[in-house]
Amino acid sequence: MEVIKFSATQISYVLIVLFVLGIFTSFTRLNSELSYIKALEYKIGGDYENMVKELATVSNVLYPYDVTKQPVEYYTSMGYYRLRNLDEALTHSLNAERISPYNPLVLHNTAGIYQSSKKYDKATSYYRRMQKLFPNYIDPQINLLIIYSETLPFEKSKELFDELIKKDSLNPRFKSI
């Protein structure tokens, strides 16, 4: 077996490259985090156009999730949804879903976009899936109830309504139904 030898100069070059790469990735990640924070400030102020622009500068490779483990794409999707650009919202929501496939907020967001786009079959599919995965997450089930009440016979809607009332009779969203 032959021993591979490295000179001190070669090792120095490798260490310099690793050092520069480390600085670059740290700088990019820091800038992404600062852009994310700025985007949230825009969100709080209701300035969704600037929020989306700021989120576009976030590196999805080095900063795919925020500190709460929500995909940054989820927030981009929310921004486009608020701007009523449902096609872009859906694109980013599906990207968020690829990053975090069992995240209830991401799934709910995707279903809501389908519902707003009047693609009730896809929205219903998402809401039913969420009903199985997260049986105590009531909001998506209420949205499913709204779709049922608009598209199905009364009896089918009433079954789901009765089930939801048993789970959470004090939910304020029931007042609007």
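Trainee: Before we look at the pocket, which residues count as nonpolar, and which as charged or polar?

Mentor: Ala, Val, Leu, Ile, Met, Phe, Trp, Tyr, Cys and Pro count as nonpolar, Asp, Glu, Lys and Arg as charged, and the others as polar. In this predicted model, the lining of the largest pocket divides into eight nonpolar, six polar and two charged residues.

Trainee: Which residues are closest to the centre of that pocket?

Mentor: The pocket has a volume of about 310 Å³, and the closest of its 16 lining residues are Tyr74, Met78, Tyr81, His108 and Asn109. Helix α5 gives the largest share of the lining, seven residues.

Trainee: Why is Tyr36 called buried?

Mentor: Buried means under 20% relative accessible area. Tyr36 has 7%, so Tyr36 is buried. Tyr63, at 2%, counts as buried too.

Trainee: What makes Tyr36 and Tyr63 a tilted aromatic pair?

Mentor: Ring centres have to lie within 6.5 Å, and theirs are 5.9 Å apart. The planes make 50 degrees, neither under 30 nor over 60, so the pair is tilted. Tyr36 lies in α1 and Tyr63 in the loop between α2 and α3, so the pair ties together parts 27 residues apart in sequence.

Trainee: And why is the pair of Tyr74 and Tyr75 called edge-to-face?

Mentor: Their planes are 75 degrees apart, which is over 60, so edge-to-face is the right label. Tyr36, Tyr63, Tyr74 and Tyr75 form one aromatic cluster.

Trainee: How do you know that the buried residues of α2 sit on the same side?

Mentor: Those are Tyr48, Met51, Val52 and Leu55. They cover an arc of only 95 degrees around the axis, so they lie on the same side of α2. They pack against α1 and α3.

Notes:
Residues are numbered from 1 along each chain as its sequence is written. This is a predicted model: local features need pLDDT of at least 70, side-chain atom pairs count only at pLDDT 80 or more; totals for chains, interfaces and linings use all residues. Side-chain values use heavy atoms; hydrogens and water are left out. On a 1 Å grid over the protein atoms alone, a cavity is a set of points where a 1.4 Å probe fits but cannot get out, and a pocket is an open set with protein on both sides within 12 Å along at least five of seven lines; lining residues have an atom within 4 Å of a point. Grid points are joined across faces, edges and corners, and a volume is the space filled by probe spheres set on the points. Helices (H or I, at least four residues) and strands (E, at least two) are DSSP runs, numbered from the N terminus. Buried means under 20% relative accessible area, exposed over 50%, partly exposed in between (1.4 Å probe, protein chains only). The arc is that of the directions from the helix axis to the C-beta atoms. Contact means heavy atoms within 4.5 Å. Rings of Phe, Tyr and Trp (its six-membered ring) pair if their centres lie within 6.5 Å; planes under 30 degrees apart count as stacked, over 60 as edge-to-face and the rest as tilted.
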